[in-house]
Amino acid sequence: MSLRYLDKVVIVTGGSKGIGRGIVRVFVENGAKVVFCARGASAGEALEAELNSKGRVSCKFMSCDVSKEEDIKRLVAFTVETYGYIDCLVNNAGWHPPHKPTDVTTAEEFRDLLNLNLISYFLAAKYALPYLRQRQGNIINVSSLVGTIGQKDAAPYVATKGAIISMTKAMAVDESRFNVRVNCISPGNILTPLWEDLAAQTPDAAAAIKEGENSQLLGRMGTEEESGLAALYLAADATFCTGIDLLLSGGAELNYGFKSQIPP
Ligand SMILES: NC(=O)c1ccc[n+]([C@@H]2O[C@H](COP(=O)([O-])OP(=O)(O)OC[C@H]3O[C@@H](n4cnc5c(N)ncnc54)[C@H](O)[C@@H]3O)[C@@H](O)[C@H]2O)c1
C-alpha cells in the first residue's frame, strides 16, 4: 500500500493514549515523521520505542504539559530542531471532567478547563503557524460532537469544544491567505482510557459502556485507528477542505432518542 503522508512532519498533542495514540500510529504507518507529547512519560516512551522498533526512526516523544505556554514553545522548537519543518499540527490533548451541574461547578474549574482544552490549541497554532505557512501545511483540532449537540452536566467541557469549532473556522479564514488549511474533527464516543475512566465513575461501568455503544446508529464506539484515519484524511486527502468539522460519530446525532429528563 502506498504511504499517504511520506516524510511530512506532524505534531500530535496528547499522543500517548486514546485518540492521539491512534493518530500517531496511523501517521507513522503512512510515512510521516511524528513528534508527540503527553504530560507523563511512561506511556509515551513505550509507544515511541514500539513504533521505532519497526524499522526507521519515525517518531519522537516529548514530555510536555500543554496547559503551560513554555512547554508548547518547547514542543514546537524541538520539532523544528529535530526534523527541520512542520507540515501538520494535530491539537488533541484535552480532558473531560466528571459530570456535574453548573450550580456546583466553580469558576476556577471552568478557567482551568478553558486553559487546557482551548487556549492550548490556540497557543500551539500560534507557535506552529510560522512554520506551517512555509510548507502550506494544515491544522487539525480535535473537538467533540457534544460541542454541537450539548451534553448533560458538562457545560464547561461543551463550551470548550464548541469554541474549538468556532476558532477552527476563524483560523481557516485568516490562514487561507497562506494556503494553510484549518479543520476539526468532532468525535462522538470513541473507546479510550478517558471514556473508560468516566465509565468507572458510574455505579455500573459495563452498563455505561453498553449505553455508550448504543448511542451510535452503528451500534458500537469508534476506535483509535478510525480516529487516526480521519485525521490522515484531513491532512493528506482533503486538500479542498478548510474550516470543516468532520463528524466521527457513527451517526450518534441522528434520529430521535429517549431524551426527556422531566419527571412524570
Ligand atoms: N474519547 C471520546 O469519546 C472523545 C469524544 C469526543 C472528543 N474527545 C476528545 O479527544 C481528545 C482525546 O481524548 P481521549 O479520549 O483520547 O483522552 P485520553 O485521556 O484517553 O488521552 C488523552 C491524552 O492527552 C494527554 N494529555 C492530557 N492532558 C495533557 C496535558 N495537560 N498536556 C499534554 N498532554 C495531555 C494524555 O497524556 C493522553 O495522552 C480530547 O480532546 C477529548 O476531549 C474524546
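Q: Which residues of H4 meet which residues of H6?
A: This is a predicted model. On the H4 side the contact has Phe110, Leu113, Leu114, Asn117, Leu118, Tyr121, Phe122, Ala125, Leu129 and Arg133. They meet Pro156, Tyr157, Ala159, Thr160, Lys161, Ala163, Ile164, Met167, Met171 and Glu175 of H6. Sorted by class, that gives 15 nonpolar, two polar and three charged residues.

Q: Why are H4 and H6 called roughly parallel?
A: Look at the angle: their axes cross at roughly 20°. Anything under 35 degrees counts as roughly parallel, so H4 and H6 get that label. The two axes come within 9 Å, and the crossing is right-handed.

Q: What makes H7 oblique to H8?
A: The axes of H7 (residues 193-200) and H8 (residues 205-214) cross at roughly 130°. The cut-off for roughly antiparallel is over 145, and roughly perpendicular covers 65 to 115. An angle of roughly 130° fits neither, so H7 is oblique to H8. Their axes come within 8 Å, and this crossing is right-handed.

Q: Which residues make the contact of H7 and H8, and what classes do they fall into?
A: H7 brings Trp195, Ala199 and Ala200, while H8 brings Ala205, Ala208, Ile209 and Gly212. The tally is six nonpolar, one polar and no charged residues. The polar one is Gly212, because Gly counts as polar in this scheme.

Q: How do you know that H1 and H2 are roughly parallel to each other?
A: Same kind of check. The axes of H1 (residues 18-29) and H2 (residues 42-52) cross at roughly 20°. With the limit set at under 35 degrees, H1 and H2 are therefore roughly parallel. Their axes come within 11 Å, and H1 passes H2 in a right-handed crossing.

Q: What makes up the contact between H1 and H2?
A: Arg21, Val24, Arg25 and Val28 come from H1, and Leu47, Glu50 and Leu51 from H2. By class that's four nonpolar, no polar and three charged residues. Arg and Glu count as charged, so Arg21, Arg25 and Glu50 are the charged ones here.

Q: Where does the lining of the second largest pocket come from?
A: H4 (107-135) and H6 (155-175) each supply at least two of its residues. H4 has the largest share, with four. The pocket has a volume of about 220 Å³. Of its 16 lining residues, Trp95, Pro97, Glu109, Leu113 and Pro156 are the closest to the centre. Two of those, Leu113 and Pro156, also turn up in the contact of H4 with H6.

Q: What classes of residue line the second largest pocket?
A: Nine are nonpolar, three polar and four charged. Glu109, one of the residues closest to the centre, belongs with the charged group, because Glu counts as charged.

Notes: Residues numbered from 1 in each chain as written. Predicted model: local features only at pLDDT ≥ 70, side-chain atom pairs only at ≥ 80, totals over all residues. Heavy atoms only, no water. 1 Å grid on protein atoms, 1.4 Å probe; cavity = no way out; pocket = protein on both sides within 12 Å on 5 of 7 lines; lining within 4 Å. Points joined across faces, edges and corners; volume = space filled by probe spheres on them. Axes fitted to C-alpha atoms, helices over the stretch in contact; angles between N-to-C directions. Left-handed = near helix turned anticlockwise from the far one by under 90°. Contact = heavy atoms within 4.5 Å.
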